[in-house]
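Please look at the sequence and the model below before reading on. The paragraphs after them are meant as a guided first walk through the structure.

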Amino acid sequence: MKKITKPQSLADQAYNLIRKDILTGTLAPKEELREEKLAMELGISRTPLREAIRRLATDGLVILTTGKPASVSSFTKEDALHQMEVRKLLETYNIEQVARFVTPKFINTLKDNLKLQKRAADKNDFHEFIELDREFHLILANQNPNTKLREMIHTINTGVNRAFLILANTYPISAMEASGEHEDIVNALENKDEIAATKAMLEHMDNIERRFLHYYKKG
């Protein structure tokens with residue numbers, strides 16, 4: 001784990017570094033996050049570290065247990081499928097609403113994200129792709145005026161992304177497929193076709209589950 005050097009708040013930097021180590025599998029599921037060890041590795045005090053860990057717990061990446069060190073979240077096949085079911089409901093409802101608020105700026109922001117997705121996939125930078133994938137869905141959510149819905153989509157995207165850690169060795173195919181599915185969603189939104197956009201999102205959600213089940217069995 002790298003020491004903190006960037007000019008951000010210490011809590012923000014700790015959050016970003018620990019989060020990256022969780023998403024890339026450097027910190028394994030159920031691994032304890034001992035404050036003294038982490039604070040020493042990061043070169044910070046325990047106060048900003050604790051704030052970072054609390055934020056990670058809110059994201060669903062860390063489990064807090066009274067009287068014990070925090071630990072990295074783990075998941076079962078059933079956990080992941082349940083999260084995907086909830087995510088499908090949230091994302092398809094959101095796209096129906098967002099299709100009514102399409103602006104040129106919104107479409108351009110989505111297209112910029114798509115370009116970065118393809119570049120990350122071409123470079124086999126799958127940590128970066130996972131982040132851009134998540135960002136894509138948050139851009140869609142942020143166009144919705146319903147703040148509670150935005151918060152729910154933010155949380156569920158973080159949890160679902162954790163499930164895909166087991167796909168790290170097969171993510172190249174998943175990344176290219178997902179990028180194409182994202183493009184279909186953007187094209188439908190640009191055409192202001194609410195039905196096509198909803199259908200594209202539903203197919204994307206179904207394909208995420210299909211890929212998960214396929215690679216889960218292979219793993």
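What follows goes from a pair of helices to the nonpolar cores and then to a single serine.

This is a predicted model, in which local features need pLDDT of at least 70 and side-chain atom pairs count only at pLDDT 80 or more, while totals for chains, interfaces and linings use all residues. Residues are numbered from 1 along each chain as its sequence is written, and side-chain values use heavy atoms, with hydrogens and water left out.

Helix H5 (residues 104-122) packs against helix H6 (residues 126-142) at an angle of about 165 degrees, and their axes lie 9 Å apart. H5 is therefore roughly antiparallel to H6, a term that applies to angles over 145 degrees. Among the residues that make this contact (heavy atoms within 4.5 Å) are Phe106 and Leu110 of H5 and Phe136 and Leu140 of H6.

Phe106, Leu110 and Leu140 appear again in the largest nonpolar core, where they are among the residues with the most contacts inside that core of 23 residues; such a core is a set of buried Ala, Val, Leu, Ile, Met, Phe, Trp, Tyr and Cys residues joined through side-chain atoms within 4.5 Å. The largest share of this core, 6 residues, is supplied by H9. A second, separate core has 19 residues, including Ile18 and Leu33.

Leu33 is also one of the residues touched by serine 71, when residues up to four places away in sequence are not counted. Serine 71 lies in strand S3 (residues 70-72), and it counts as buried because its relative accessibility is 15%, where buried means under 20% relative accessible area with a 1.4 Å probe and protein chains only.

How values were computed
Axes fitted to C-alpha atoms, helices over the stretch in contact; angles between N-to-C directions. Helix = DSSP H or I, 4+ residues; strand = E, 2+ residues; numbered from the N terminus. Parallel < 35°, antiparallel > 145°, perpendicular 65-115°, else oblique. Buried < 20%, exposed > 50% of the residue type's maximum accessible area, 1.4 Å probe, protein only.
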